[in-house]
2 protein chains.
Amino acid sequence: MVKQERARRTREALIKSAATVFDRDGFSVASLTAISSLAGVSNGALHFHFASKAALADSVEEAAAQRLERIVTAPEGAAGNALQMLVDTSHELARRLTEDVVLRAGFELSRDQVRRRGPGLYRQWHRWVEGALKRAAGEGVLNQVTPEDAAASVVAATTGFEVLGPQDPQWLSHQTVTRFWQLLLPRLAEASALGGLVAAGSRPR
Amino acid sequence: MVKQERARRTREALIKSAATVFDRDGFSVASLTAISSLAGVSNGALHFHFASKAALADSVEEAAAQRLERIVTAPEGAAGNALQMLVDTSHELARRLTEDVVLRAGFELSRDQVRRRGPGLYRQWHRWVEGALKRAAGEGVLNQVTPEDAAASVVAATTGFEVLGPQDPQWLSHQTVTRFWQLLLPRLAEASALGGLVAAGSRPR
């Protein structure tokens with residue numbers, strides 16, 4: 001049991017180190033030696049857990065997908081309507097992209113030209129955003145726009161924040177995401193629902 | 001003169017081949033041999049024109065910046081107000097990103113983790129979008145939103161289209177860009193100007 005626990009910790013340390021090195025150097029340039037060294041383990045230990053750099057990247061992307069799943073899962077006592085939940089979740093995603101290198105590397109790996117594994121996290125996020133907007137339509141809080149069209153624009157904009165963020169943190173700031181919703185909400189929300197919506201997010205920061 | 005002309009053509013062929021290989025393999029993986037071979041010239045000829053892969057990437061980005069400059073320069077007899085010009089230009093950019101590998105590679109190089117040359121084409125596009133929205137405000141066609149906030153959202157969304165496009169061409173389609181503007185224009189445009197604006201673009205396709 002102690003041995004299993006140690007193996008689990010080593011695996012997690014390797015995933016975090018890999019994310020850090022992928023985020024810094026890109027998947028193609030990232031060296032396994034840099035990753036094992038950052039995790040404080042031997043190359044042999046790395047190869048015991050991961051057969052290849054590709055396998056390590058898959059595990060980083062999988063860990064990021066789990067984190068994204070937790071982000072989109074509304075907390076207990078979360079805001080009532082689906083449109084506010086979408087606003088709150090996008091703020092949480094932007095904040096986590098700034099702080100969490102595994103989540104950030106997961107998105108980067110999902111659009112890596114060399115890996116070509118498909119849209120991964122972008123598709124996961126797109127599905128969730130579209131689902132939230134469909135729920136908003138069902139609740140009668142969505143204006144005369146289709147959930148599909150609104151989802152495409154929201155996903156495109158949040159992808160832009162994510163891609164531009166590493167070069168200029170302002171793109172992932174609370175202010176930028178708030179201004180985006182200030183712009184979009186009057187177009188998305190039913191007039192009767194608009195007054196109750198908080199573009200800056202309704203959850204305590 | 002004939003010699004100069006031949007040198008110019010070789011240089012242009014190398015830039016296009018480099019863009020193709022960067023776009024396919026990424027900057028880090030791209031090999032100079034693959035680039036010279038695709039251009040149909042020797043490695044020696046490549047090194048005569050470009051001292052390094054980094055110099056070649058700089059030239060691709062520069063060529064892309066010139067193309068972007070031509071795209072944002074309104075054609076003779078272009079649509080009257082600055083908001084329509086922004087809509088038309090974003091359609092043109094999306095179309096050109098699909099067709100022109102040098103332009104596409106230029107944006108990709110501008111966000112390459114390894115090169116870290118700074119936001120390049122994104123900054124160029126951002127400045128132009130903000131300028132267009134300021135002109136729209138001056139013309140009285142912009143609603144009560146600031147050009148800066150509107151520009152950030154437009155740049156974020158177009159960046160999303162550009163980044164997601166290579167994996168799924170639908171993101172750079174005329175339909176997706178049109179739907180984005182159908183969503184945003186009623187929020188951006190003065191009521192009196194809205195009726196005259198064409199979300200699908202006012203230029204012949």
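Chain A contains 10 helices and 0 strands. This is a predicted model, and read from the N terminus the elements of chain A follow the order α-α-α-α-α-α-α-α-α-α.

**Overall dimensions and surface**

The table lists general values for chain A.

| Property of chain A | Value |
|---|---|
| Box filled by the C-alpha atoms, along the principal axes | roughly 60 × 35 × 25 Å |
| Share of the 205 residues that is buried | 51% |
| Exposed area | about 9,400 Å² |
| Share of the exposed area from carbon and sulfur atoms | 51% |

Contacts within chain A often link distant parts of the sequence: of those between residues at least 6 apart, 67% join residues at least 24 apart.

**Packing of α4 and α6 in chain A**

Two packed helices are described by the angle between their axes and the distance between the axes. In chain A, helix α4 (residues 53–72) packs against helix α6 (residues 101–110) at an angle of about 115°, and their axes lie 8 Å apart. The crossing of α4(A) and α6(A) is left-handed.

On the α4(A) side, the residues in contact are A57(A), V60(A), E61(A), A63(A), A64(A), R67(A), L68(A) and I71(A). They meet V102(A), L103(A), A105(A), G106(A), F107(A), L109(A) and S110(A) of α6(A). Sorted by class, this contact of α4(A) with α6(A) comprises 11 nonpolar, 2 polar and 2 charged residues.

**Helix α6 in chain B**

How many of the residues of helix α6 of chain B are buried? For helix α6 (residues 101–110) of chain B the count is 10 of the 10 residues, so the helix is largely enclosed by the rest of the structure. The buried residues of α6(B) are V101(B), V102(B), L103(B), R104(B), A105(B), G106(B), F107(B), E108(B), L109(B) and S110(B). Charged side chains are among them, namely R104(B) and E108(B).

The buried residues of α6(B) pack against five named helices of chain B: α1 (2–25), α4 (53–72), α5 (82–99), α7 (120–138) and α8 (147–164).

**Relation of the two chains**

A turn of 180° with a shift of 0.0 Å along the axis lays chain A on chain B, with an RMSD of 0.0 Å. This is the relation of a two-fold axis. The contact surface follows that relation: the same surface serves both copies, and 100% of the contact residues of chain A recur in chain B.

Which residue of chain A comes closest to the rotation axis? That residue is A157(A), whose C-alpha lies 1.9 Å from the axis.

Key: Residues are numbered from 1 along each chain as its sequence is written. Chains are lettered from A and ligands numbered from 1 in the order in which they are written. This is a predicted model: local features need pLDDT of at least 70, side-chain atom pairs count only at pLDDT 80 or more; totals for chains, interfaces and linings use all residues. Side-chain values use heavy atoms; hydrogens and water are left out. Axes are lines fitted to C-alpha atoms, for helices over the stretch in contact, and angles run from 0 to 180 degrees between N-to-C directions. Helices (H or I, at least four residues) and strands (E, at least two) are DSSP runs, numbered from the N terminus. A crossing is left-handed if the near helix is turned anticlockwise from the far one by less than a right angle, and right-handed if clockwise. Contact means heavy atoms within 4.5 Å. Copies are superposed by least squares on the C-alpha atoms of residues with pLDDT of at least 70 in both. Buried means under 20% relative accessible area, exposed over 50%, partly exposed in between (1.4 Å probe, protein chains only). Accessible areas come from the Shrake-Rupley method with a 1.4 Å probe; for residues, only the protein chains shown count as cover.
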